[in-house]
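Here's a quick tour of a protein with its ligand. Have the viewer open as you read.

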Amino acid sequence: MRQKIVAGNWKMNKNLQEGVQLAQEIDKLVSELKNNDVKVILAPSFVNITEVKKAVSSKISISSQNVAAEASGAYTGEVSASMIKSTGAEYAIIGHSERRMYYGETDAILLKKVKQALANNLKPIFCIGEVLEERESGKHFDVVKKQIEQGVFELSADEFKNVVLAYEPVWAIGTGKTASSDQAQEIHKFIRDTVAAKYGKAVAEETSILYGGSCKASNAKELFANPDVDGGLIGGAALVAGEFLGIITGF
Ligand code: PEP
């Protein structure tokens, strides 16, 4: 059985005190769940990772929102995978569309980031997804395939087993527009088939593929009911503990 995952990407929201408080609220709610089989991940800003990690129980895992492409050295302002790992974090979001769009992160840079994460035992949550014009012109399958091929298909099967994929249609992120349940299943199945063609069916069946894009408590159930949707990468709705819990319990 592949892992169900709900990950909250806090983006550039929550200062230290607010982040610790939100993490404690989420931790309390998750700890009260009976028989929870969903991995819950919080991704605060770099600067708050250490304290957020200390504020939660072992029921919550921590992710960064980014990672440096280089191992160490004269890269002012960057945060290395080994620094992230040393806080107790287990995951690193890589290739979020905001990083691709606003910070010029190319597939080649993202591959370096993925390798840095894996070399430091951080599991990449690798984001892929098309913009609106690509969806409207029917290019979304090609776009997503290329992003996967160039971002993670250089990995060995053993390395790839540590990768979580997150399909996030850019037109649905923070817009209130969500992919329909059918659209999500269609492209998640395509992504799984793409992984199967490269690494084999067994690896593909074990790969968690998350949906992201205006997912909230009210639509999570419908999205997560699809056989190839293994959870969500959540932005706005991850900033309110009760709403985030409603997503976690959406399976
Ligand atoms: C995201 O940025 O990963 C995301 C899915 O954002 P939102 O849920 O706010 O659309």
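## Polar contacts

Which polar side-chain atom lies 2.7 Å from an oxygen atom of the ligand? That atom belongs to His96, and the pair fits the cut-off for a polar contact (N or O atoms within 3.5 Å). The backbone joins in too: an N or O atom of the Gly235 main chain is 2.8 Å from a ligand oxygen, and a polar backbone atom of Gly236 lies 2.9 Å from an oxygen of the ligand. The protein buries 95% of the 290 Å² that the ligand exposes when taken alone (Shrake-Rupley areas, 1.4 Å probe).

Before going on, note that this is a predicted model, where local features need pLDDT of at least 70, side-chain atom pairs count only at pLDDT 80 or more, and totals for chains, interfaces and linings use all residues. Residues are numbered from 1 along each chain as its sequence is written, and side-chain values use heavy atoms, with hydrogens and water left out.

## The shell

Around the ligand there are 14 residues (a heavy atom within 4 Å). The closest are Lys11, His96, Glu168, Gly174 and Ser214. Sorted by class, the shell holds 4 nonpolar, 8 polar and 2 charged residues, with Gly counted as polar and Asp, Glu, Lys and Arg as charged.

## The fold

The protein chain has 12 helices and 8 strands (DSSP runs: H or I of at least four residues, E of at least two). Its C-alpha trace spans about 45 × 45 × 35 Å along the principal axes.

Technical notes:
Polar contact = N/O pair within 3.5 Å; in protein donor to acceptor, adjacent residues only side chain to side chain.
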